[in-house]
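Here are my notes on the model you sent over. I've kept them to a few points, so read them with the structure open.

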Amino acid sequence: MKKKEVPQDPSSLNNFTKEVCYAVDETGKYTTDLSTGWSVKSSALNVAWEDIENRILQAKTKVLNGEASPILFYMEQKLMDITILSAYTGFFKWTIKRHLKPNVFNKLSDKKLKLYAEIFDITIDQLKNIRFNES
Amino acid sequence: MKVDFKHIQAAHCENGVTTNLLKHIGVNQITEPLAFGIGSGLFYIYIPLLKINNGPAIAFRTMPGLVFKRTCRALDIPVVRKKFSSKENAKIFLDQKIAEGQPVGCQVGVYYLPYFPKEYRFHFNAHNVIVYGKENDNYLISDPVMETVTTLNDYELERVRFAKGALAPRGQIYFPKENTIVTEDQIRKAIKSGINRNVGAMLRIPGNIAGVDGIKYTADKIKKWKTKLGLDTARLYLAQLVRMQEEIGTGGGGFRFIYAAFLQESHPYIPNDKLLEISQLFTKSGDTWRNSAVQAAGIYKGRLSAQSDFDDMSDYLYQIAEIEREAFKALSKIKW
């Protein structure tokens, strides 16, 4: 990459940082330059986020239809899967799968709910009485 | 407590931490490309079956932690590295080191990293920062991908040091044990061994998923993505490939340029003009990675969708595999 080709596109990096890029100058020598971002990368990131929003939406529908507990919604919202959630909670994966069922979730102790709430950065109330227009 | 510490921004977090920590102990010659090359940082692997963020698991560099470890070992610098099962002990040890005036490298997860913008906060646990002091309740943080230094409070730092999931940091902390002067001769030796090890990693690892073969393997896979996964998932997979390649703190195409810079910087130590010629091959490889990313973007943005577009994408990777094979073969033939 030539120094003048270092991309300077607007991206979510703006107001956060610029990236160091290695590029060659006119004499063919490597030097560094700062880049504000590259549209090819930003759109790859957008595709990833579209997918995440889709998964959150699907989880929301399931919770509203009573097919899954709010844990599913928050899990997707926090970009987790059952493996990651299991690592954070210390629960087995199959235990979490049970907690995803509304009737099991409704009987969970406050201690377990608190653990989930802390990991999701929400209150127990937000976990128990999920209100979607706020989130 | 504040250590006199100089923050230098880097293209990649672990290179940056390694460079900054070594500069701090008096290894003045070290630069990001030298650290990356001596640590044999260039790599490629496509791990089949494993999924990351619901997409393919692809890496463009060696395992996290290796660049620091190998660079220090090659320069005969003893290293302290510790993991903790208890959060309390992790904090006590960190506080003690800072009180002694020792800046330390910490492996952290980015998901709960408050100064990162939301768009970049995934459950990725192999980020590296330096903690170089504490003021009141705030730890002073030098994050190599940031332009300036920043801070984290007790809770925030503990949370990212004990992030969970794949590659969980478990409070990992590391630093070079003592101040040292490194001679030109040591650097010369380290460059040679770093290059040789990297040749091995890219050309001689058995199996077809790692090194140059891994790039070909990915090219074979991409051809089949559209029919096998459907267009939507294939788009997601390509976006993931590009994100692994170019995302902040990850590099990819960028790593090829750093390696090219490394070979240039090696030339004053080992005045063999072959190094400069081969450096140009890595520039060509990096440029081709970038072109492939543009092609992939055409597909994941929805502008391109035909099978022939996937074939073109795949061809870019075949080209890259050939360029990198040629480059590493040439490196392996250098008579030191």
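1. Let's start with strand S6 (residues 138-142) of chain B. In this predicted model, S6(B) is joined to S7(B) by 4 bridges, and the two run antiparallel. If you want a register check, look at Asn138(B): its bridge partner in S7(B) is Asn153(B).

2. Helix H5 (residues 154-161) of chain B packs on the sheet, where H5 touches S4, S6 and S7 of chain B. The direction of H5(B) makes about 90 degrees with that of S7(B).

3. Zooming out, the sheet in chain B is an open one of 6 strands, in the order S3-S8-S4-S5-S6-S7, with antiparallel pairing. Which strands stand at the edges? They are S3 (79-82) and S7 (150-153) of chain B; each has a single partner strand, so one side of each is left without a neighbour in the sheet. From one strand to the next, the twist averages 35 degrees.

4. Then there's helix H1 (residues 13-24) of chain B, which lies across S4 (104-108), S5 (127-135), S6 and S8 (173-176) of chain B. H1(B) runs at about 45 degrees to S5(B).

5. On to the interface: 38 residues of chain B are in contact with 30 residues of chain A. Helices H8 (231-246), H9 (253-266) and H10 (273-300) of chain B each supply at least two residues of the side that touches chain A. H10(B) gives the most, with 8 residues. By type, that side of chain B divides into 20 nonpolar, 8 polar and 10 charged residues.

Note on methods. Residues are numbered from 1 along each chain as its sequence is written. Chains are lettered from A and ligands numbered from 1 in the order in which they are written. This is a predicted model: local features need pLDDT of at least 70, side-chain atom pairs count only at pLDDT 80 or more; totals for chains, interfaces and linings use all residues. Two strands pair if DSSP finds at least two bridges between them. Axes are lines fitted to C-alpha atoms, for helices over the stretch in contact, and angles run from 0 to 180 degrees between N-to-C directions. Two residues are in contact if their C-beta atoms, placed from the backbone, lie within 7 Å. Ala, Val, Leu, Ile, Met, Phe, Trp, Tyr, Cys and Pro count as nonpolar, Asp, Glu, Lys and Arg as charged, and the others, Gly among them, as polar.
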